[in-house]
Amino acid sequence: MESALVCSTAPRTTTSSLLKRRESPLDAPFHLSFSRNYEKYWGISLSFRKTKKYKVFNCNVKVEDEACELVNGVELSIGDGVDSIDAYLCNAVKNNNGTGILLLSDIFGFEDSFTRDFAYRVACNGYNVLVPDMFRGNPWRKDESKALFEQWIGSVDKQQVVRDIFTSTKWMANEFVAAGISRKFGVIGFCFGGGLLIDILAQDQGSEFGVGISFYGTRIDLSVASKIEVPLLLIAGDNDPLCPVDVLKEVENNANGCKMVVFEGRGHGFVHRPQSLEDDKDAEEAFLMMRNWLHDGLLSEN
């Protein structure tokens with residue numbers, strides 16, 4: 001079992017590069033394209049609601065010797081009837097590595113700009129990133145009174161969320177099988193999604209997912225951590241009351257192949273919602289750790 005890594009910070013004077021973009025047109029996705037408006041694979045259905053063209057990222061992270069490439073984004077509807085959920089798919093257009101990533105959002109949902117920006121950045125490293133609507137159109141609204149939060153979170157049907165996540169996973173698996181790819185997926189989660197990721201990996205037990213990365217997971221169920229069978233990276237700050245380090249330590253001690261990284265002085269959401277130059281510096285370092293974890297667990301030839 002690897003021990004926790006504590007990272008200290010130093011002020012940086014450059015402006016944030018985490019979410020920076022530059023203007024450029026976008027081409028069609030490299031693969032996982034669809035010839036009809038509605039298709040079915042092994043009982044999972046897909047309908048296109050809206051297609052968007054997105055700009056190129058000016059990312060500082062390099063993949064091999066390539067800079068970040070074009071990313072295609074498309075809105076999806078997955079499943080049938082009452083089981084139908086919305087989702088968002090980002091494809092790397094060039095140098096697509098044929099690997100799927102499931103991204104579980106925080107409480108603000110799959111349409112939140114910070115979540116989508118992060119999905120774009122992961123995709124521009126060569127991945128196909130699926131972001132499901134875990135709250136079925138009812139995420140926490142930023143303008144809501146905090147006094148209503150517990151009522152809202154109590155209304156979220158966790159078991160339905162888990163079923164929707166596995167529906168999304170099955171859809172990804174079917175699409176990749178149809179494309180002749182059998183590689184396992186990675187799963188990334190923030191906050192609410194980061195806590196839920198522990199449940200998902202415990203239930204999956206290495207069936208579909210090969211690695212996981214949880215960023216400052218909340219409401220973690222420690223009782224299931226010992227059931228996790230794949231490498232798990234936990235990233236958080238030591239100034240985050242929503243994600244206590246001692247809880248993460250318990251996960252690290254009980255999950256197989258788990259590593260915890262704690263950033264000194266950082267609070268909740270610093271990786272995908274950096275609020276300062278110091279946050280931004282550590283966000284980039286955490287992104288590199290995540291990228292390497294994904295590469296080593298999903299792409300390296302062992």
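## Val245 and helix 5

Val245 sits in helix 5, which covers residues 245-254. The model is a predicted one. With a relative accessible area of 29%, Val245 is partly exposed, because that value falls between the 20% and 50% cut-offs. Beyond its neighbours within four places in sequence, Val245 touches Gly237, Asp238, Met260 and Val262. Its C-alpha atom is 9.1 Å from that of Tyr216, a residue 29 places away along the chain.

Val262, one of those contacts, belongs to strand 13 (residues 258-263). Is Val262 buried or exposed? Val262 is buried, at 5% relative accessibility, because the limit for burial is 20%. Val262 also pairs up in space with Gly237: the two are 25 residues apart in sequence, yet their C-alpha atoms are 5.2 Å apart. Gly237 is itself on the contact list of Val245.

## The loop before helix 5

Asn239 lies in the loop that runs from strand 12 (232-237) to helix 5. Which residues does Asn239 contact, once neighbours within four places in sequence are set aside? They are Gly265, Arg266, Gly267 and His268.

Arg266 also appears in a C-alpha distance. It is 27 residues from Asn239 along the chain, and the C-alpha atoms of the two are separated by 5.4 Å. His268, another contact of Asn239, returns in the pocket described next.

## The largest pocket

The largest pocket has a volume of about 530 Å³. It is lined by 20 residues, and those closest to its centre are Ile107, Phe108, Phe149, Leu242 and His268. Two elements each give two or more residues to this lining: helix 2 (149-155) and helix 4. Helix 2 provides the largest share, with three residues.

What is the make-up of the lining by class? Eight residues are nonpolar, five are polar and seven are charged. As background, rolling a probe the size of a water molecule over the atoms shows where empty space is left.

## Helix 4

Helix 4 spans residues 191-204. Its 14 residues should cover 20 Å at 1.5 Å a residue, and the end C-alpha atoms are 20 Å apart, so expectation and model agree. Why is helix 4 described as largely enclosed by the rest of the structure? Because 13 of its 14 residues are buried. Helix 4 is also one of the elements that give two or more residues to the lining of the largest pocket.

Cys191 lies in this helix. It has a positive phi of about 55 degrees, although it is not a glycine. Cys191 counts as buried, with 7% relative accessibility. Just after helix 4 comes Gln205, with a positive phi of about 50 degrees.

## Arg136

Arg136 also has a positive phi, about 50 degrees, and is not a glycine. Where does Arg136 lie? It is in the loop between strand 9 (128-132) and helix 2. Its relative accessible area of 35% makes Arg136 partly exposed.

## Gly297 and helix 6

Gly297 is found in helix 6, which runs over residues 277-299. It is partly exposed, at 37% relative accessibility. The chain separation between Gly297 and Gly210 is 87 residues, but their C-alpha atoms are separated by 6.5 Å.

## The whole protein

The protein has 302 residues, and 55% of them are buried. It holds six helices and 13 strands. The accessible surface comes to about 13300 Å², with 49% of that belonging to carbon and sulfur atoms.

How do the contacts spread along the sequence? Of contacts between residues at least 6 apart in sequence, 75% join residues at least 24 apart. Separations given above can be set beside that: 87 residues for Gly297 and Gly210, and 27 for Asn239 and Arg266.

Terms used: Residues numbered from 1 in each chain as written. Predicted model: local features only at pLDDT ≥ 70, side-chain atom pairs only at ≥ 80, totals over all residues. Heavy atoms only, no water. Helix = DSSP H or I, 4+ residues; strand = E, 2+ residues; numbered from the N terminus. Buried < 20%, exposed > 50% of the residue type's maximum accessible area, 1.4 Å probe, protein only. Expected span 1.5 Å × (residues − 1). 1 Å grid on protein atoms, 1.4 Å probe; cavity = no way out; pocket = protein on both sides within 12 Å on 5 of 7 lines; lining within 4 Å. Points joined across faces, edges and corners; volume = space filled by probe spheres on them. Nonpolar A, V, L, I, M, F, W, Y, C, P; charged D, E, K, R; others polar. Contact = heavy atoms within 4.5 Å. Areas by Shrake-Rupley, 256 points an atom, 1.4 Å probe, with all protein chains shown as cover.
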